[in-house]
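Here are a few exercises to work through with the model open beside you. Try each one yourself before reading the solution.

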Amino acid sequence: MSDVLSVDPRTGQVRERVAAESTPQDVDRAVRAAAAAAPALADRSVRADLLRTAAALLEEGGEEIIATADAETALGRVRLTGELARTCYQLRAFADVAESGAFLDVIIDHADPAARPAPRPDLRRYKVPLGVVAVFAASNFPLAFSVPGGDTASALAAGCPVVVKAHPDHPATSVLT
């Protein structure tokens, strides 16, 4: 098992040892834990609160997150400040979608016993969560398309627990977020 190191791309110097790479057993435990958490996401208002709280916590830790992301990616504070704002916007937007329930795409087709050529049964359809979602973080967007990004936010909004494969180029940022 190898260490995951946070490296400053400007200097090539190791910043810190963040963690050891996950073993297949670690991944299995994470997926099982995520599946066990699914009932907690059943309530849409809980999902919305979770997403809004995540956005607020990211903003609260913004200075440290941006500094760490810059140290690991050299993308610059201006770019990363915008990316953090975009990430928080995405989280809140998906919270609104979860709360409204519009994504469920509910269709109710009432029975019609007089329909011809045959009676039509009562048919109802709505979308349900699929289960645990795996998100693979992007190297070039350590926030908006990474641990707290849109893929994670949309899965949580739909009621799916998430397991994220953090990108090795920004491990300390991933841990923070």
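**Exercise 1.** Which residues in α4 are buried?

Solution. Keep in mind that this is a predicted model. Step one: find the helix, which has 24 residues and reaches 35 Å from its first C-alpha to its last. That is close to the 34 Å expected at 1.5 Å a residue. Step two: go through its accessibilities, where buried means under 20% relative accessible area. The residues of α4 that pass are L80, E83, L84, T87, C88, Q90, L91, A95 and A98. Step three: look at the spacing. An α-helix has 3.6 residues a turn, so residues three or four places apart point the same way. Step four: see what lies over these residues. The cover includes α2 (44-60), α3 and α5 (150-157). Finally, just after α4, check the backbone at G101, which takes a positive phi of about 75°.

**Exercise 2.** Find the salt bridge between R10 and D70, and work out which parts of the chain the pair links.

Solution. Start with the distance: the two side chains meet at 2.7 Å, N to O, and a salt bridge needs a nitrogen within 4 Å of a carboxyl oxygen. Now place the partners. R10 sits in the loop between β1 (3-7) and β2 (14-20), while D70 is in helix α3, 60 residues apart, so the pair links distant parts of the chain. Next, compare their surroundings. D70 counts as buried because its relative accessibility is 14%, whereas R10, at 48%, is partly exposed. Besides R10, D70 touches L75, G76, R77 and L80, leaving aside residues up to four places away in sequence.

**Exercise 3.** How many residues apart are D28 and R32 in helix α1?

Solution. The helix covers residues 24-37, and the two are 4 residues apart, which means about one helical turn between them. Their side chains meet in a salt bridge at 2.9 Å, N to O. Then check exposure: D28 is partly exposed at 36%, and R32 is exposed at 58%.

**Exercise 4.** Find the aromatic pair and decide how its rings are arranged, stacked or edge-to-face.

Solution. The structure holds 1 aromatic pair. Its rings belong to F141 and F145, with centres 5.1 Å apart and planes at 70°. Planes over 60 degrees apart count as edge-to-face, so that is the label for this pair. For exposure, F141 is partly exposed at 24%, and F145 is partly exposed at 31%.

Note on methods
Residues are numbered from 1 along each chain as its sequence is written. This is a predicted model: local features need pLDDT of at least 70, side-chain atom pairs count only at pLDDT 80 or more; totals for chains, interfaces and linings use all residues. Side-chain values use heavy atoms; hydrogens and water are left out. Buried means under 20% relative accessible area, exposed over 50%, partly exposed in between (1.4 Å probe, protein chains only). Contact means heavy atoms within 4.5 Å. The expected span of a helix is 1.5 Å times one less than its number of residues. Rings of Phe, Tyr and Trp (its six-membered ring) pair if their centres lie within 6.5 Å; planes under 30 degrees apart count as stacked, over 60 as edge-to-face and the rest as tilted.
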